[in-house]
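Student: Could you take me slowly through one part of this model, beginning with a single residue and then moving out to the strands around it? I would like the terms explained as we go.

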Amino acid sequence: MRLRSAFLVVAALAVCLFASAQQTDLSVDRVAEGVDRHYNNLNSLRTQFTETYRGAGVTRTESGTLWLRRPGKMRWEYTEPKEKIFVSDGKTAYFYVPGERQARKAPIKDLDDLRSPLRYLLGKTKLKKEFANLTVRAGDQPGAVLIRGVPTGMADRVTEMTLEVDSHGQIRRILIEEADGSQTEFVFSGIQENVSVEDARFRFQVPAGVEMVESASVTP
């Protein structure tokens, strides 16, 4: 996998509350306040996702389910076109493709993967700290809102991120434009908040016969 936009998805999922506000008052301050107020009170979240990468003449699409739970836990469970798992218990991140002979792990604080900061979404959301040059405008679809900005500290890798939020206050699309001209797009559906998520979902059990390897990166 290439650039994982979890850092971006952090704020992205977080803006949902603001989308239901009147579009006549699309101030950046109002967006940030809505994000903080809504998501800092959530304990868990579950959503289906489709991830599409476009770059260097290649288009690649993957899909699966994302779970988040306080404090700092997440699980990306890819199911199409093949199964793979990226999971964090809040301290350590693990990556594994079923059938392979090795799994990888890394301390979450040292992880060079843009999905990892997503674990901070529930309980620590600060949209205005996560992005520079944040702007908000009405979207092309009725009731839609577009939020654009540059992830803080990532201007050398990401030129812009666009969040598309529908009239019901749910994120429908996230588009990340990278400095090399490539794009990564996430489309979310079936978002559920404060769902029951067992702690075992955020623990990784090493399959029999699989070697665990320490790594600075846990993405393929």
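**Arg54 and the sheet**

Tutor: Apart from its neighbours within four places in sequence, Arg54 is in contact with Thr59, Ser182, Gln183 and Glu185, where contact means heavy atoms within 4.5 Å. The model is a predicted one, in which local features need pLDDT of at least 70 and side-chain atom pairs count only at pLDDT 80 or more, while totals for chains, interfaces and linings use all residues. Residues are numbered from 1 along each chain as its sequence is written, and side-chain values use heavy atoms, with hydrogens and water left out.

Ser182 is 128 residues away from Arg54 along the chain, yet the C-alpha atoms of the two are separated by 5.6 Å. With Glu185, Arg54 shares a side-chain polar contact of 3.2 Å (a pair of N or O atoms within 3.5 Å; within protein, one must be able to donate a hydrogen and the other to accept it, and residues adjacent in sequence count only if both atoms are side-chain atoms). Arg54 has a relative accessible area of 32%, so it is partly exposed (buried is under 20%, exposed over 50%, and partly exposed in between, with a 1.4 Å probe and protein chains only).

Arg54 lies in strand S1, residues 44-55 (strands are DSSP runs of E with at least two residues, numbered from the N terminus). S1 belongs to an open sheet of twelve strands with mixed pairing, in the order S7-S8-S9-S10-S11-S1-S2-S3-S4-S5-S6-S12 (two strands pair if DSSP finds at least two bridges between them). S7 and strand S12 (211-214) stand at the edges with a single partner strand each, so one side of each has no neighbour in the sheet.

Strand S2 (residues 58-69) runs antiparallel to strand S3 (residues 73-80), joined to it by seven bridges, and one of the pairs is Trp67 with Arg75 in S3. Towards the S7 edge, six bridges join strand S7 (residues 131-138) to S8, and the two run antiparallel; here Val136 stands opposite Ile147 in S8. S8 is also antiparallel to strand S9 (residues 158-165), with five bridges between them, and Gly149 has Met161 in S9 as its bridge partner. Six of the seven residues of S8 (residues 145-151) are buried, so this strand is largely enclosed by the rest of the structure.

Notes
Helix = DSSP H or I, 4+ residues; strand = E, 2+ residues; numbered from the N terminus.
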